[in-house]
Amino acid sequence: MNPYDPQKAARVWQRVQQAQPQEQRPGSEDNLKELIMNEWEAAATYAQLARQLQQKEGAVLQRLSREEHAHGACLRGMYSLKAGEKCPVHMPRLGKEPPEVTLRRCYGLEMRSLKAYEAKCDDPEYGHVFAKLADQEREHCMALLGVIGGLEKK
């Protein structure tokens, strides 16, 4: 069985969304499912990494996992309010790779989430929430860089 490839999954998800006729797409929640999946992937990945790394780095990653899970729950709440139903996104299965590779991938995922949230800050209903999520993603980027930098000196 092949390990989960998040980039391939994102490309497939994008093709599925583009295949839907415009009138069948939900209005402003068009990419909320993708954002939710990204947050939950990050939460699961950080939890897994926290168990593999030293206590100091592990504690940082546990905190990031909790915060990413909260982001996913917040986004699911938005989706429920907008779509009138619960979001059917499920937790991803994680592959095995060296922590340094995983952390590098996570940094890229954080940057994509940050860009998406910044683009939604002008949303009339949830702009203030997206602004807060963007602030937290910036903090996550800094925390990840600290963890990565701590690993390199060992």
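**Entry 1: a charged trio**

I started with the salt bridges and found Glu41, Glu97 and Arg105 linked in a network of them. A note to self before going on: this is a predicted model. I looked up the total as well, and the structure holds six salt bridges. The general idea is simple enough: side chains of opposite charge can pair when their charged atoms come close.

Next I picked out one contact in the trio. Glutamate 41 and arginine 105 meet through their side chains, with 2.9 Å from N to O. I checked where the two sit: glutamate 41 is in helix H2 and arginine 105 is in helix H4, 64 residues apart, so I wrote this down as a link between distant parts of the chain.

Is each partner buried or exposed? Glutamate 41 has a relative accessible area of just 3%, so I put it down as buried. Arginine 105 comes out at 24%, which makes it partly exposed. The cut-off for buried is under 20%, so arginine 105 misses that label.

**Entry 2: the whole chain**

I stepped back for an overview. I counted five helices and zero strands, and from the N terminus on the order reads α-α-α-α-α. The chain has 154 residues, and 39% of them count as buried.

**Entry 3: helix H4**

Since arginine 105 sits in H4, I looked at that helix next. H4 takes in residues 99-119, which is 21 residues. From first C-alpha to last it reaches 30 Å, close to the 30 Å expected at 1.5 Å a residue.

Which residues of H4 are buried? My list reads Pro99, Thr102, Leu103, Cys106, Leu109, Glu110, Ser113, Leu114, Ala116 and Tyr117. They cover an arc of only 160° around the axis, so they are on the same side of H4. I then turned the helix over: the face away from the buried side carries Arg104, Lys115 and Ala119, which are exposed.

**Entry 4: from H4 to H5**

I found another salt bridge that starts in H4. Glutamate 118 pairs with arginine 138, and their closest N and O atoms are 2.7 Å apart. Glutamate 118 belongs to H4 and arginine 138 to helix H5 (residues 127-152), so this pair ties together parts that are 20 residues apart in sequence.

I looked up accessibility here too. Glutamate 118 is partly exposed at 39%, and arginine 138 is partly exposed at 36%.

What else does arginine 138 pair with? I found aspartate 135, again with closest N and O atoms 2.7 Å apart. Both of these residues lie in H5, three residues apart, or about one turn of the helix. Aspartate 135 has a relative accessible area of 46%, so I noted it as partly exposed.

**Entry 5: empty space inside**

Rolling a probe the size of a water molecule over the atoms shows where empty space is left. I looked up how that turned out here: the count is one cavity of 30 Å³ or more. The largest cavity has a volume of about 70 Å³.

What lines it? I noted 10 residues, with Thr45, Gln48, Gly95, Glu97 and Thr102 lying nearest the centre. Two names were already in my notes: Glu97 from the salt-bridge network and Thr102 from the buried residues of H4.

The elements that give two or more residues to this lining are H2 (32-52) and H4. The largest share, four residues, comes from H2. I sorted the lining by class and got two nonpolar, five polar and three charged residues.

**Entry 6: helix H3**

I kept H3 for last. H3 runs over residues 55-83, 29 residues in total. Its reach from first C-alpha to last is 41 Å, close to the 42 Å expected at 1.5 Å a residue.

I wrote down some of its buried residues, among them Glu57, Gly58, Leu61, Leu64, Glu68, His71 and Tyr79. Just after H3, I spotted glycine 84 with a positive phi of about 75°.

One more lookup was cysteine 74, which has its place in H3. Its relative accessible area is 31%, so cysteine 74 counts as partly exposed. I also checked its spacing to valine 129: the two are 55 residues apart along the chain, and their C-alpha atoms are separated by 8.8 Å.

Notes: Residues numbered from 1 in each chain as written. Predicted model: local features only at pLDDT ≥ 70, side-chain atom pairs only at ≥ 80, totals over all residues. Heavy atoms only, no water. Expected span 1.5 Å × (residues − 1). Buried < 20%, exposed > 50% of the residue type's maximum accessible area, 1.4 Å probe, protein only. Arc of directions from axis to C-beta. 1 Å grid on protein atoms, 1.4 Å probe; cavity = no way out; pocket = protein on both sides within 12 Å on 5 of 7 lines; lining within 4 Å. Points joined across faces, edges and corners; volume = space filled by probe spheres on them. Nonpolar A, V, L, I, M, F, W, Y, C, P; charged D, E, K, R; others polar. Salt bridge = Lys/Arg side-chain N within 4 Å of Asp/Glu carboxyl O.
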